[in-house]
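Thank you all for coming. I would like to walk you through one model this morning, beginning with a single residue and then moving on to the interior.

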Amino acid sequence: MDLIVSAMGEARWGALRLRCALGRGGLKADKREGDGATPIGAWPMRRLLYRADRGIPPSTRLTATQIGPEDGWCDDPCDPAYNQPVRLPYPGRAERLWRQDGLYDLLVVLGHNDDPVVPGLGSAIFLHVAAPGYGPTEGCIGLARPDLERILAEAGLGDRVVVRG
């Protein structure tokens with residue numbers, strides 16, 4: 001099934017209509033590193049990353065992997081590990097996945113710019129927990145945790161996030 005995301009901050013999963021947070025840079029078909037935009041397109045749900053210390057992982061058919069304080073994601077277009085998970089501390093620029101704010105407690109890795117990875121076309125595009133008030137993301141899609149858990153309970157390989165401009 002597809003999670004259909006619109007520029008109006010609404011997501012549809014089957015008959016469900018959900019509020020969502022989008023990138024501070026709006027929606028863009030030509031996503032670039034650092035622009036804060038959510039990329040337009042259809043992105044497969046690759047796997048779930050989660051913090052075990054913040055509750056049991058939700059039921060899902062996606063591959064689920066626990067993260068720890070040493071987990072990061074490379075966002076440096078000049079690094080060979082660009083748009084890939086890394087272990088911290090890392091010599092290149094990398095985003096920390098172990099966050100205090102709870103946004104990455106449940107984190108679905110989306111298949112944006114990963115097959116193949118092209119330096120500079122955007123990294124770390126995730127489906128994750130929305131900030132209070134649905135504040136803008138750095139390019140990801142954010143959902144309320146209960147909504148994300150509901151989607152995860154039904155999601156499996158082959159399901160996608162489709163962002164429409």
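Let me begin with aspartate 114, which, once its neighbours within four places in sequence are set aside, is in contact with Arg46 and Asn83, contact meaning heavy atoms within 4.5 Å. Before going further, I should say that this is a predicted model, in which local features need pLDDT of at least 70 and side-chain atom pairs count only at pLDDT 80 or more, whereas totals for chains, interfaces and linings use all residues. Residues are numbered from 1 along each chain as its sequence is written, and side-chain values use heavy atoms, with hydrogens and water left out.

With arginine 46, the aspartate 114 side chain makes a side-chain to side-chain polar contact at 2.8 Å; such a contact is a pair of N or O atoms within 3.5 Å, where within protein one must be able to donate a hydrogen and the other to accept it, and residues adjacent in sequence count only if both atoms are side-chain atoms. Between aspartate 114 and aspartate 147 there are 26 Å in space, C-alpha to C-alpha, and 33 residues in sequence.

Turning to the interior, which residues touch the most other members of the largest nonpolar core? They are Leu3 and Met45, in a core of 27 residues, a core being a set of buried Ala, Val, Leu, Ile, Met, Phe, Trp, Tyr and Cys residues joined through side-chain atoms within 4.5 Å, and buried meaning under 20% relative accessible area with a 1.4 Å probe, protein chains only. Apart from this core lies another, of 12 residues, including Trp73 and Cys140. Methionine 45, neighbours within four places aside, has contacts that include Leu3, Trp13 and Val161.

Note on methods
Buried < 20%, exposed > 50% of the residue type's maximum accessible area, 1.4 Å probe, protein only.
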